[in-house]
Amino acid sequence: MTIDLSNFKWINPPKKFDLTKNSLTIHTDPVTDFWQRTYYNFQHDNAHSFVADFTEKEFSFTVKTGWKPSKLFDQCGIVMYQDSDNWFKASVEFENESFSRMGSVVTNLGYSDWATTNIDSKLNERWYRLSRRGQDFCIEQSLDGTDFKQMRIFHIHAPLNEVRIGVYACSPLESSMPAIFTDFHFVVFLGKDGNRING
């Protein structure tokens, strides 16, 4: 089913954004990011996130993203944010005009990891699908919204009842860019047989 964006709320709202019934454009503030401790020994917790609470234990959330990066490390993607020490993000991070890094970060108990692969920087639209199975999640990505490729399966260690899932964008350096989100969809599954309830 299509998601009602009026049920979403901001974590670290940007100074400028455009919200309609079916779409969101974030204009990122400079020096914004999500990361916790690992390898780089810094903590950033101010990326712009637009999320809603979901209590279902078995579901998939899908969204289309588009962006126009302007500087190194600009990001646009999907997020699950419980608190500063427990969250997940998947996105494309701009590197240069030739390639960008499509990746995912899982942060458990205050420590982030990062798995990446290089992609063509000209690919500026992408769909993400995040599926929940209790404490476990699967993230997939697609160039056309139909043919999805698995990125990773992961586990969140902190106990989860409801989860806060949505979209995010940020510009870790002194830059700003527009990040566009459309085609928000939510599908609930019944039990472990994978049968759809709606969507």
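**Close-up views of a predicted model**

Tyr168 is buried, with a relative accessible area of 0%. The views below come from a predicted model.

**View 1. Phe34 and Tyr168 form an aromatic pair.** Phe34, like Tyr168, is buried: its relative accessible area is 0%. The two rings are tilted, with 35 degrees between the planes. Their centres lie 6.2 Å apart. The pair links distant parts of the chain. Phe34 belongs to strand 4 (residues 34–36), and Tyr168 to strand 16 (residues 163–170). In sequence they are 134 residues apart.

**View 2. Phe54 stacks with Phe186.** The ring centres are 4.6 Å apart, and the planes differ by 20 degrees. That angle is under 30 degrees, so the pair counts as stacked. This pair, too, links distant parts of the chain. Phe54 sits in strand 6 (residues 48–54) and Phe186 in strand 17, 132 residues away. Phe54 is buried, at 8% relative accessible area. Phe186 is buried as well, at 2% relative accessibility.

**View 3. Ring pairs build a cluster.** Its members are Phe8, Trp10, Phe17, Phe50, Phe54, Phe59, Phe61, Phe184 and Phe186. The model holds 17 aromatic pairs in total.

**View 4. The largest nonpolar core has 39 residues.** Phe54, Phe61, Ile78, Phe88, Leu130, Phe181 and Phe184 have the most contacts inside this core. Strand 17 (residues 178–190) supplies the largest share, five residues. A second, separate core has eleven residues, including Phe34, Ala47, Val79 and Tyr168.

**View 5. Phe88 and the residues around it.** Leaving aside residues up to four places away in sequence, Phe88 touches Ile78, Val79 and Met80. Phe88 also touches Ser104, Val105 and Val106. Leu130, Ile139 and Phe154 complete the list. Ile78 and Leu130, like Phe88, are among the residues with the most contacts inside the largest core.

**View 6. Gln82 reaches the backbone of Arg164.** Gln82 lies in strand 8 (residues 75–83). The side chain of Gln82 comes to 2.9 Å from the backbone nitrogen of Arg164. Not counting residues up to four places away in sequence, Gln82 touches Trp87, Leu160, Glu162, Val163 and Arg164.

**View 7. Two arginines sit over aromatic rings.** The charged end of Arg37 lies over the ring of Tyr111, 5.6 Å from the ring centre. The charged end of Arg129 lies over the ring of Phe148, and here the distance to the centre is 4.0 Å.

Terms used: Residues are numbered from 1 along each chain as its sequence is written. This is a predicted model: local features need pLDDT of at least 70, side-chain atom pairs count only at pLDDT 80 or more; totals for chains, interfaces and linings use all residues. Side-chain values use heavy atoms; hydrogens and water are left out. A nonpolar core is a set of buried Ala, Val, Leu, Ile, Met, Phe, Trp, Tyr and Cys residues joined through side-chain atoms within 4.5 Å. Buried means under 20% relative accessible area, exposed over 50%, partly exposed in between (1.4 Å probe, protein chains only). Helices (H or I, at least four residues) and strands (E, at least two) are DSSP runs, numbered from the N terminus. Contact means heavy atoms within 4.5 Å. A polar contact is a pair of N or O atoms within 3.5 Å; within protein, one must be able to donate a hydrogen and the other to accept it, and residues adjacent in sequence count only if both atoms are side-chain atoms. Rings of Phe, Tyr and Trp (its six-membered ring) pair if their centres lie within 6.5 Å; planes under 30 degrees apart count as stacked, over 60 as edge-to-face and the rest as tilted. A charge sits over a ring if NZ of Lys or CZ of Arg is within 6 Å of the ring centre and within 35 degrees of the ring normal.
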